[in-house]
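Hi,

Here is the structure I promised to pass on. Have a look at it first, and my notes follow underneath.

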Amino acid sequence: MRAADWTRTLAQYRQPLPARSIFELVVTFVPFVAIWAVAWWMLSISTLLAMVLAFANAAFLVRLFIIQHDCGHGSLFRDRRLCDWIGRGLGILTLTPYDVWRRTHSIHHSTTGNLDRRGVGDVPTLTVREYREKGWIGRALYRLLRHPVFMFGVVPFYLFFLQHRLPVYLMRSGWRYWLSAMATNAAIALVLGVIVWLGGWDVLLFVFLPTMLLAAIAGTWFFYVQHQFEETSWQHEDEWNIQDAALHGSSHYDLPGILRWITGNIGVHHVHHLASRIPFYRLGEVVRDHDLLAQSKRITLWESFRCARLHLWDEKRGKLLSFAEARTLYA
């Protein structure tokens, strides 16, 4: 089947189930708050145990981000305004201004796999030719950016703690995005102030910070694997098609059951890009009903670790290469 045919086939899964949406929200938000409270209390007994709980709670924060993500697509409930206000509330917990993120994520969906429209909502990716044309400083900076320690250590902190605070990349898009960022910043500051006032700096350092950092690292990794795999797809504007890019440029990250739950099935990313209005809890239905989609662009957890060493798009061969492979092929 062509990508366009799949889009029509998947339309039957787009309807959200209100009771299921409420259930998924409750079973994610309530444990998150409960574990947060227990970790806070645990500080009086053991800082180490409190940090362990905080790290574990990152799983629920990742899932809250996925629910916020569905709100951005209007797929959690039929009422768009309800989705938006839930998303804005969750944005305070995820340190992500909802309206800003929704705009950049929309650009990501509308330009994914397009070599001529890179730069917003994606992982910076150079072609082999572009990399070879850069001077040594440009190459060194790109190699630093794509190094796993920098990509999954520094970048998550920068994105969620710094970049989201000021939407300078949407400077010309209107005041609403600045309002979204500033309102979210004010709410975050209020929450952090209350935490320090009631519990002191220890709660901020040993409960809040570990949860946020681990969730940010995990979120960055999952987003990376969804598009940065060997057999992904990049095309120039004249050859690019949004449906083909969705099917062939997004992976099916086939995770173990518990990780599928934590990540809200976002690993079924090729289906999500084909039909972004499908609620996250129905993506599993799609791959159970359609084996072709289940096997398409499938990457296992073990196989995904190799993706961290892929850096350059080879236009000639149509796949991502490591720096070493590019050096060997184009020496």
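To start with a small detail, D314 stands opposite K319 in β5. Helices and strands here are DSSP runs, numbered from the N terminus (helices are H or I of at least four residues, strands E of at least two). Before going on, the ground rules: this is a predicted model, where local features need pLDDT of at least 70, side-chain atom pairs count only at pLDDT 80 or more, and totals for chains, interfaces and linings use all residues. Residues are numbered from 1 along each chain as its sequence is written, and side-chain values use heavy atoms, with hydrogens and water left out.

**The sheet**

That pair belongs to β4 (residues 312-314) and β5, which run antiparallel to each other over 3 bridges. Two strands count as paired if DSSP finds at least two bridges between them. The open sheet has 3 strands in the order β1-β4-β5, with mixed pairing. β1 (126-127) and β5 (319-321) are at the edges with a single partner strand each, so one side of each has no neighbour in the sheet.

**The cores**

A nonpolar core is a set of buried Ala, Val, Leu, Ile, Met, Phe, Trp, Tyr and Cys residues joined through side-chain atoms within 4.5 Å; buried means under 20% relative accessible area (1.4 Å probe, protein chains only). The largest one has 37 residues, and L76 and F208 touch the most other members. Helices supplying at least two residues each include α2 (18-42), α4 (80-94) and α10 (201-227), while α3 gives the largest share, 9 residues. Beyond its neighbours within four places in sequence, L76 is in contact (heavy atoms within 4.5 Å) with residues including P16, I67, F280 and Y281. A separate core of 16 residues includes V271, I278, V286 and A294.

**The cavities**

There are 2 cavities of 30 Å³ or more. A cavity is a set of points on a 1 Å grid over the protein atoms alone where a 1.4 Å probe fits but cannot get out, and lining residues have an atom within 4 Å of a point. Volume is the space filled by probe spheres set on the points, which are joined across faces, edges and corners.

The largest is about 110 Å³. Of its 13 lining residues, T112, G113, D122, H227 and W234 lie nearest the centre. α5 (98-111) and α10 each supply at least two residues of that lining.

The second largest is about 30 Å³. Strand β2 (residues 252-254) gives the most to its lining, with 3 residues, and R260 and N265 are among the others there.

Cheers

Note on methods:
Buried means under 20% relative accessible area, exposed over 50%, partly exposed in between (1.4 Å probe, protein chains only). On a 1 Å grid over the protein atoms alone, a cavity is a set of points where a 1.4 Å probe fits but cannot get out, and a pocket is an open set with protein on both sides within 12 Å along at least five of seven lines; lining residues have an atom within 4 Å of a point.
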